[in-house]
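Trainee: I am new to this structure. Can you take me through it, and give your reasons as you go?

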Amino acid sequence: MNNPLPPLVIRSARMTDWPQLRKAVRNIFGHMDEEQISFLLRRHHGATVVACRGRQIVGYYQFYPHADAGVAWMNHFGVIPDHRANGEADALLAFFLRHAKTCGFDSIALDAF
């Protein structure tokens with residue numbers, strides 16, 4: 001019998017999340033070295049949102065205002081490989097769309113690699 005997954009909770013990152021978030025980013029973006037991960041997490045720390053199942057961070061996104069007025073720019077987004085295909089990415093993207101609108105943005109942009 002399969003154990004059901006705990007509910008997905010999406011929220012702003014807390015300072016206590018950073019050690020686990022660092023591991024999640026390393027897992028999501030295996031091509032990044034520690035210096036790149038540190039830069040990424042420092043640069044956008046104020047606009048980081050995490051998705052958690054139980055106490056585990058399974059995904060996240062970071063965003064900030066784009067140079068064009070009214071545009072929210074999502075430049076980092078990911079779900080750890082073991083939790084893909086469970087709806088986390090869809091839920092995170094839908095949350096981002098609502099979050100950006102609530103913050104007063106008219107449109108969004110995504111930086112994809």
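Mentor: Start with a term. A helix here is a DSSP run of H or I with at least four residues, and helices are numbered from the N terminus. Glu34 sits in one of these, helix α2. Keep in mind that the model is predicted.

Trainee: Which helices and strands does the chain have, and in what order do they come?

Mentor: There are three helices and five strands. The order along the sequence is β-α-α-β-β-β-α-β.

Trainee: What makes the chain as compact as a globular protein of its length?

Mentor: Set two values side by side. The radius of gyration is 14 Å, and the globule rule gives 13 Å for 113 residues. The two are close, so the chain is as compact as a globular protein of that length. The C-alpha atoms fill a box of roughly 50 × 30 × 25 Å along the principal axes.

Trainee: How much of the chain is buried, and how much of its area is exposed?

Mentor: Buried residues are 40% of the 113. The chain exposes about 7000 Å², with 56% of that from carbon and sulfur atoms.

Trainee: What share of the contacts with a separation of 6 or more joins residues 24 or more positions apart?

Mentor: That share is 57%.

Trainee: Back to Glu34. Why is Glu34 called partly exposed?

Mentor: Its relative accessible area is 36%. Buried means under 20% and exposed means over 50%, so a value in between counts as partly exposed. Glu34 therefore fits that middle class.

Trainee: Which residues does Glu34 contact, beyond its neighbours within four places in sequence?

Mentor: Arg22 and Arg26. Arg22 is twelve residues away in sequence, and the C-alpha distance is 9.0 Å.

Trainee: Why is Arg22 called partly exposed?

Mentor: Arg22 has 25% relative accessibility, so it counts as partly exposed. Arg22 lies in helix α1. Besides Glu34, Arg22 contacts Ile37, Ser38 and Leu41, with neighbours within four places left aside. Its C-alpha is 18 Å from that of Met74, which is 52 residues away along the chain.

Trainee: What about Leu5? Where is Leu5 placed, and why is it called partly exposed?

Mentor: Leu5 is in the segment before β1 (8–12). Its relative accessible area is 42%, so Leu5 is partly exposed. Leu5 touches Arg53, His83 and Asn86, not counting residues up to four places away in sequence. From Leu5 to Phe63 is 58 residues in sequence and 27 Å between C-alpha atoms.

Trainee: How do you know that Phe96 is buried?

Mentor: Check the cut-off: buried means under 20%. Phe96 has a relative accessible area of 1%, so it is buried. Phe96 belongs to helix α3.

Trainee: Which residues touch Phe96, leaving aside those within four places in sequence?

Mentor: Tyr61, Phe63, Ala72, Met74 and Ile108. Ile108 is twelve residues from Phe96 in sequence and 9.2 Å away, C-alpha to C-alpha.

Trainee: What makes a set of residues a nonpolar core?

Mentor: The residues must be buried, of nonpolar types such as Leu or Phe, and joined through side-chain atoms within 4.5 Å. The largest core here has 29 residues. Those with the most contacts inside it are Leu21, Val25, Tyr60, Tyr61, Phe63 and Phe96. At least two core residues come from each of α1 (18–28), α2 (34–43), β2 (48–53), β3 (56–65), β4 (71–79) and α3 (88–102). In soluble globular proteins, nonpolar side chains tend to be buried together.

Trainee: And the charges: how many are there, and how far apart are their mean positions?

Mentor: There are 12 positive and 10 negative charges. Their mean positions are 8 Å apart.

Key
Residues are numbered from 1 along each chain as its sequence is written. This is a predicted model: local features need pLDDT of at least 70, side-chain atom pairs count only at pLDDT 80 or more; totals for chains, interfaces and linings use all residues. Side-chain values use heavy atoms; hydrogens and water are left out. The radius of gyration is taken over C-alpha atoms; the globule rule is 2.2 Å times the number of residues to the power 0.38. Buried means under 20% relative accessible area, exposed over 50%, partly exposed in between (1.4 Å probe, protein chains only). Contact means heavy atoms within 4.5 Å. Accessible areas come from the Shrake-Rupley method with a 1.4 Å probe; for residues, only the protein chains shown count as cover. Lys and Arg count as positive and Asp and Glu as negative; His and the chain ends are not counted. The place of a charge is taken as NZ of Lys, CZ of Arg, CG of Asp or CD of Glu.
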